[in-house]
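Reader: I have a structure to look at and would like to work through it by asking questions. Please keep the answers plain.

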Amino acid sequence: METKKLETGAAPQKLGEYLSRTREKAPMHAGHGAGGAQSVRKDDYRGHEIEIVTTYKILVDGKKIRAPLGVDAAGKVHCHSLPNYQTASAVDMVRALIDGFPEEFEPKPARRKSRPASRRKSRSAAKKGSKHEH
Amino acid sequence: MAVVRKKISQNADVRDQYIQSVQLLKKEASGRKTNEFGIPGAARSVSTYDLFVIWHVTAMMLETPPGNPAGRNSAHRGPVFAPWHRVMLMLFEQNLQRVLNDANFGLPYWDWAEDGDLPQQQQSAAAIWGADCMGGQGNPVTTGPFAFSQSDPSAFRVRISTNISGELRSVNRGLRRAFGVSADALPRTAHVTNALALSPYDSPDWDADTNSFRNRIEGWMNDDGVSATWLHNLVHVWVGGEMLLGSSPNDPVFFLNHCNIDRLWESWMTRNGRVYVPDMTADADLKGHRIDDPISSPLGRNATPREMLDVSAIYEYDALL
Ligand SMILES: [Cu+2]
């Protein structure tokens with residue numbers, strides 16, 4: 001690769017253009033849309049066509065979470081919001097998600113309205129607690 | 001003339017230049033705003049440094065092919081892992097050179113296996129985490145050049161992250177790290193040696209379940225051929241915080257880790273030759289991973305895995321393995 005081409009391509013303007021163009025035309029994670037994550041595995045065995053469709057519905061504290069979990073041919077679970085992990089079970093992946101995205105599992109701040117003073121206290125205590133558990 | 005990439009722990013001048021140039025790129029406006037990348041909320045200026053964060057997340061969301069159950073994307077979980085990150089690092093290094101006004105600057109690497117050979121409890125006290133290098137851990141990090149300060153608007157801040165769905169979001173907070181929380185220890189020299197002994201660069205099914213050099217260094221499989229968090233992945237997970245996410249380039253240590261991975265790839269090529277698989281006879285399902293396919297980058301057709309095999313005119317390492 002020529003140094004000249006590298007220099008031109010490295011200009012922030014070029015990278016910015018490339019990124020906005022790419023994000024515009026690429027349908028970002030198809031299939032993960034409305035809260036569901038779906039994996040379709042296909043195989044042929046003794047002349048039979050196998051198709052396994054896996055959909056995850058995950059609730060944490062009763063609330064549906066929108067994490068794009070997938071399962072590969074070997075049955076390992078992956079999730080591109082935690083791209084450096086692969087787990088043997090979806091439960092392990094959800095545990096990792098709770099560690100990786102602490103804010104998304106904090107109680108809703110809207111509840112603050114009813115008991116403003118005590119709410120504040122318990123929130124910061126909960127935060128400290130989770131930090132230690134880490 | 002090729003620049004030389006050096007070990008960060010042995011080159012204080014390079015270390016200081018790295019820190020300085022990262023801070024400069026973080027402050028440099030790229031001319032783009034968040035809304036141009038579909039990031040919700042008020043439109044905010046995006047720094048040149050943060051373009052690299054967006055690039056990484058974008059590459060990860062481009063599934064190759066769309067909807068494949070292996071989770072293979074245009075930069076990870078497949079053969080293009082090593083060449084894609086080589087392109088990313090080369091463009092990043094060009095920008096560091098530009099803001100330093102020093103065409104001889106080479107991106108340093110973190111030889112993490114050296115730290116991995118230390119007893120587990122000493123690993124988080126290694127020199128790389130010193131206040132004169134990358135700083136320590138915390139939520140937020142409070143020591144070193146990337147320490148957070150609520151009252152100081154010029155302090156290092158994470159401005160673009162991903163949510164649980166993997167989508168880009170605007171944030172405004174300090175850098176996060178949590179050493180040894182999601183994984184006990186860093187990879188060791190023996191693990192690196194074992195990876196280098198694997199002769200196929202990659203092999204079918206070209207995914208996270210194959211026992212190849214690429215899959216071993218990317219870190220989906222251990223020395224026993226069993227699924228595990230290993231080498232590159234283990235470094236991400238051991239550092240924790242930002243490094244767990246698709247937006248992991250937010251932590252400047254990301255580039256030091258990948259520079260070391262690139263050094264391992266270069267070391268592997270001194271043993272096996274500048275070779276790559278799959279070639280263009282491979283199935284169209286592998287589009288984006290074959291030797292003459294364009295790599296997802298602003299370089300278009302000029303950057304393919306083949307073009308990335310010999311970059312010795314651009315940079316070299318002070319020491320290979
Ligand atoms: Cu990556």
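**A buried glutamate, a metal site and a contact**

Author: In this predicted model, the side chains of B:Glu242 and B:Arg173 make a polar contact at 2.6 Å.

Reader: Where in chain B does B:Glu242 lie?

Author: Two helices of chain B frame the position, H7 and H8 (253-272). B:Glu242 is placed between them, in the loop.

Reader: Is B:Glu242 buried or exposed?

Author: Its relative accessible area is 0%. A residue counts as buried under 20%. B:Glu242 is therefore buried.

Reader: Which residues does B:Glu242 touch, not counting residues up to four places away in sequence?

Author: One group that B:Glu242 touches includes B:Ser247, B:Ser248, B:Asn250 and B:Asp251. The others are B:Val158, B:Arg173, B:Gly174, B:Leu175 and B:Arg176.

Reader: Which residue of chain A forms a salt bridge with B:Arg176?

Author: B:Arg176 is among the residues touched by B:Glu242. The closest N and O atoms of its salt bridge are 2.3 Å apart, and the count of salt bridges between chain B and chain A is one. The partner of B:Arg176 is A:Glu103.

Reader: Which element gives the most residues to the side of chain B that touches chain A?

Author: The elements that give two or more residues to that side are H2 (48-61), H3 (81-100), E5 (168-173), H7 (231-239) and H9 (305-309) of chain B. With eight residues, the one that gives the most is H2(B).

Reader: How many residues of that side of chain B are nonpolar, polar and charged?

Author: The contact takes 50 residues from chain A and 56 residues from chain B. Those of chain B divide into 11 charged, 20 polar and 25 nonpolar.

Reader: What is the area buried between chain B and chain A?

Author: The size of an interface is often given as the accessible area lost when the parts come together. Here carbon and sulfur atoms give 59% of the area, which is about 4800 Å². Of the area that chain B buries against chain A, 15% comes from B:Met61, B:Pro69 and B:Ile164, more than from any other three residues. The total asked for is about 4800 Å².

Reader: Which residues are the protein donors of the copper ion?

Author: Along the chain the donors follow the spacing H-x19-H-x8-H. Each donates through NE2, lying 2.1 Å from the ion. Both B:His76 and B:His85 are buried. The donors are B:His56, B:His76 and B:His85.

Technical notes:
Residues numbered from 1 in each chain as written. Chains lettered and ligands numbered in written order. Predicted model: local features only at pLDDT ≥ 70, side-chain atom pairs only at ≥ 80, totals over all residues. Heavy atoms only, no water. Contact = heavy atoms within 4.5 Å. Buried area = accessible area lost by both parts, 1.4 Å probe. Salt bridge = Lys/Arg side-chain N within 4 Å of Asp/Glu carboxyl O. Helix = DSSP H or I, 4+ residues; strand = E, 2+ residues; numbered from the N terminus. Nonpolar A, V, L, I, M, F, W, Y, C, P; charged D, E, K, R; others polar. Donors = N, O, S within 2.8 Å, 3.2 Å for Na, K, Ca; no water. Buried < 20%, exposed > 50% of the residue type's maximum accessible area, 1.4 Å probe, protein only. Polar contact = N/O pair within 3.5 Å; in protein donor to acceptor, adjacent residues only side chain to side chain.
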